[in-house]
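This report goes through the fold, then selected residues, helices and backbone features. Each section can be read beside the coordinates.

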Amino acid sequence: MDVFEGKSWISGQGLVNTCIGVDEGKITAVKKILKGDNHTKFEGIILPSAFDMHVHFRDPGYPHKEDWKTGSECAAAGGVTAVVDMPNTNPFTSDLETFNDKVSTASSKSVVDFGVGVNVEKDLTEQTWFDTIPAAFWKLYPYGISSAEYFSYAKEVLDKTSKPLVIHGEHPDHMHNEPLNELSDHTQNRLIAEPECLASMPSSPYLHVAHLSTLEGLNRMPKLASSEVCPHHLLLNLDNCHSLDCKVDPPLRTKKDNSGLYDAFREGKIPILSSDHAPHTIEEKRSDNPPSGLPGVETMIPLMLNEVSEGRLELSRLVNAMSEAPAERLGLDRGRISEGMPADLIMIDMKNSKPIDLDKLHSKSNWTPFEDWPAIFPSQVYRRGELIAESGEIRQEGGGQNLF
C-alpha cells in the first residue's frame, strides 16, 4: 500500500491532517496514522483531482488542433484526471460505430480517464442502441437545424432518456452571422440567443445547460435543470479581451454578466465548473473567418485556485464544482477523498502563484487568452494512484480508461 500524508480536503470536514492509503488505484483507508510500503509526505494541500465534463479533444478529424494524447496531457498538467469529450468531431459521434471508434482511440492515447458524449440527431431515440450505448450523455447543438427541430429533439430525448441531455443553450433563430470587425460584433450577433433558448426549454432533471454565459440566461434557467460555467465566462469580458482570438460560442459578455454568473457560482446556483476546451491553431484564429473556441482544460483549475488564493472563492465551492458535482451529475462514484474512491489526487502549494507561461502549456493550439494571468498549477497529479504529471511534466503515456 502507498500512503500519502498531508493536509487533505475531506468532504464535510475541510482540510484535515491525514494519511491516505492507496492500493490498486483505490483509496483503501483515510486515517490519522497509516503505515505502507511507500510513504510520501506533502507540505502543501491534497485535493481530489478535477473532472471536466466538457472538452473538445478534436480526435478524430482535426488532429492538427488537438488529439487525445495532447488534450489529455493538457488535462493532466492542469490537475484534471477525467474528462468527457463532446461529439462534434469528424465524423460526429452519433452512432454505435463512431462511438466505439472514439472510445478505442481514447483508450490507446489518453493519459486521463474519460467518457464520450453522443450527438442528438433525428430519430436518435428510435435506434436499437439508444438504451444501451455506454455514453456519458447526449449532446444537442443548435447549428444547422431549425428551431422547431431543435426544441422537438430536446423534448423527445428528455421524454425517453435515463442520462443527461446536455444542450448548447442558444436559440437557432437568434444566432446571427453578420460580418465581424471586432469581438463585440460576435456578442451582438448572439445577444439574446441564450435567454430565448432557455426560456423555451422544458424543465427536466435530465436537462443540463452547458457553458452559461449571461445573467439573463441564468435567470431563465428551467427550474429542474443543472448548469455549468467556464472560467472564460467568469473572468473574461469585452473590456479585458478585445481580440477576435477570443471569439467563442456562446460569446464573451460584459462585466455585469461576469459578476452575476460568479455570484451564482459562489452560491452553488451554478453547480459545475467546466472548461469547454475547444482549441484551434493561432493561424486559424487569426484568419479572415476565425472559428469559435478557446483552449482551457490546462488552465481551468490553476486559474480558479488563484481565485481561492486571492479570497474571491471558497475552496469548498471549488472542490465541489470541479470534482464532486460533475461526478454526481453523471452518476459516477468519484471526486472525493474517502475509502473506495479512485485515488485521483492533486498536490497544491497555494503560495506558488505564477504567471501562465504559454511555452509550458501542452495544447497543439499554442495560445491562451490567459497568458501571464496568475495561476496555481498542481505540483503532482495522480490518476488512480499513479503519478501522471509533476510540475507540468507528463510522467505517463496512455493508461486512461472509459468511465462509462
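## Burial and the model

A residue counts as exposed when its relative accessible area is over 50%, and as buried when that area is under 20%. D372 has a relative accessible area of 57% and is therefore exposed. The model discussed here is predicted.

By the burial criterion, 59% of the 404 residues of the protein chain are buried. The accessible surface of the chain comes to about 16,200 Å², and 45% of that area is supplied by carbon and sulfur atoms.

## Overall fold

The protein chain contains eleven helices and 19 strands. Its C-alpha trace spans about 60 × 50 × 40 Å along the principal axes. For a compact globule of 404 residues, a radius of gyration near 22 Å would be expected; the chain has 20 Å, so the value agrees with that expectation.

Among contacts with a sequence separation of 6 or more, 69% are between residues 24 or more positions apart. As for charge, the chain carries 39 positive and 60 negative charges, and the mean positions of the two sets lie 4 Å apart.

## Buried residues in loops

Three loop residues serve as examples here. S365 sits in the loop between β15 (354-355) and β16 (374-375). Is S365 buried or exposed? S365 has a relative accessible area of 1%, so it is buried. Beyond residues up to four places away in sequence, S365 touches K65, P279, H280, T281, I282 and P295. The side chain of S365 also makes a polar contact of 2.8 Å with the side chain of S363.

L34 belongs to the loop between β3 (26-31) and β4 (38-48). With a relative accessible area of 13%, L34 is under the 20% limit and so counts as buried. Leaving out residues up to four places away in sequence, L34 touches M1, V3, C19, I20, G21, A29 and H39. For C19, which is 15 residues from L34 along the chain, the separation of the two C-alpha atoms is 6.0 Å.

## H171 and helix α5

H171 is placed in the loop between β10 and α4 (183-189). The relative accessible area of H171 is 9%, which means that this residue is buried. Which residues does H171 contact, apart from its neighbours within four places in sequence? They are S147, F151, A193, E196, C197 and S200.

Helix α5 covers residues 193-200, and A193, E194, P195, C197 and L198 are buried in it. Two of these buried residues, A193 and C197, are also on the contact list of H171. The cover over the buried residues of α5 includes α3 (147-160), β10 (165-167), β11 (207-209) and α6 (215-219).

## Helix α10

In helix α10 (residues 300-309), nine of the ten residues are buried, and the helix is mostly covered. The buried residues are M300, I301, P302, L303, M304, L305, N306, E307 and V308. After α10 comes G311, with a positive phi near 85°.

## Backbone geometry

Most residues other than glycine have a negative phi, and most peptide bonds are trans. The following cases depart from one or the other pattern.

What is the peptide bond from D59 to P60, cis or trans? The bond is cis, with omega near 15°. P60 lies in the loop between β5 (50-55) and α1 (68-77). D249 and P250 are likewise joined by a cis peptide bond, with omega about -10°. P250 is in the loop between α7 (231-235) and α8 (255-267).

D372, which is not a glycine, has a positive phi near 75°. D372 is found in the loop between β15 and β16, the loop that also holds S365. In that loop, D372 is exposed at 57% relative accessible area, whereas S365 is buried at 1%. R384 is also not a glycine and has a positive phi of about 50°. The loop between β17 (380-383) and β18 (386-390) contains R384.

Key. Residues numbered from 1 in each chain as written. Predicted model: local features only at pLDDT ≥ 70, side-chain atom pairs only at ≥ 80, totals over all residues. Heavy atoms only, no water. Helix = DSSP H or I, 4+ residues; strand = E, 2+ residues; numbered from the N terminus. Buried < 20%, exposed > 50% of the residue type's maximum accessible area, 1.4 Å probe, protein only. Polar contact = N/O pair within 3.5 Å; in protein donor to acceptor, adjacent residues only side chain to side chain. Contact = heavy atoms within 4.5 Å. Rg over C-alpha atoms; globule rule 2.2 N^0.38 Å. Areas by Shrake-Rupley, 256 points an atom, 1.4 Å probe, with all protein chains shown as cover. Lys, Arg positive; Asp, Glu negative; His and termini not counted. Charge placed at Lys NZ, Arg CZ, Asp CG, Glu CD.
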